[in-house]
Amino acid sequence: MRTYHLKSGDMEKILSDLKIRIYNRNEENLSIRCPSPDHIDRNPSCSIRRDNGLWKCWSCGYKGNLITLLKLLDRIDLLVKYCPEMEKNESKYLIDRIQT
């Protein structure tokens, strides 16, 4: 299986498409509220790495990658948009393997 990497700036575009507000930015991370439905995050406690889409909530411990985030929010369509070289059957395979 191939590895896919986000281009510089894609993480912010993806969060914008998901209508997720970014509270803080630095060279490596973005800060947002936790996307977990089980955690009402009043203060942004979730960090997302710009380069690979890995994220973790430092308050509740919920974590994942870009694919788990898109699956959690029912927006898998964005996976194909931001990884156009990924074939649809391959994205379905990745999605089916992830358990949220």
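User: Welcome me in with the overall layout: in what order do the strands of the open sheet stand?

Analyst: Happy to help! This is a predicted model, in which local features need pLDDT of at least 70, side-chain atom pairs count only at pLDDT 80 or more, and totals for chains, interfaces and linings use all residues. Residues are numbered from 1 along each chain as its sequence is written, and side-chain values use heavy atoms, with hydrogens and water left out. The open sheet has five strands (DSSP E runs of at least two residues, numbered from the N terminus) with antiparallel pairing, where a pair needs at least two DSSP bridges, and the order is S1-S2-S3-S4-S5.

User: Which strands stand at the edges?

Analyst: An edge strand here has a single partner strand, so one side of it is left without a neighbour in the sheet. That describes strand S1 (24-25) and strand S5 (63-64).

User: Which strands does H1 touch as it packs on the sheet?

Analyst: H1 is a helix (a DSSP run of H or I, at least four residues) covering residues 10-17. Its direction makes about 15° with that of S2, using lines fitted to C-alpha atoms, for helices over the stretch in contact, with angles from 0 to 180 degrees between N-to-C directions. With contact meaning heavy atoms within 4.5 Å, H1 touches S1, S2 and S3.

User: Which side chains along S3 are buried?

Analyst: In a regular strand the side chains alternate between the two faces of the sheet. Along S3, Ser47 and Arg49 point to one face and are not buried (buried is under 20% relative accessible area, with a 1.4 Å probe and protein chains only). Pointing to the other face, and buried, are Cys46 and Ile48.

User: What is the bridge partner of Leu30 in S3?

Analyst: S2 and S3 pair in the antiparallel sense over four bridges. In S3, the partner of Leu30 is Ile48.

User: Is Met11 buried or exposed?

Analyst: Met11 lies in helix H1, and its C-alpha atom is 5.7 Å from that of Arg50, 39 residues apart along the chain. Because its relative accessibility is 2%, Met11 counts as buried.

User: Where is His39, and what is its relative accessible area?

Analyst: His39 sits in the loop between S2 and S3. Leaving out residues up to four places away in sequence, His39 touches Cys34, Ser45, Cys57, Ser59 and Cys60. His39 is buried, with a relative accessible area of 15%.

Methods: Buried < 20%, exposed > 50% of the residue type's maximum accessible area, 1.4 Å probe, protein only.
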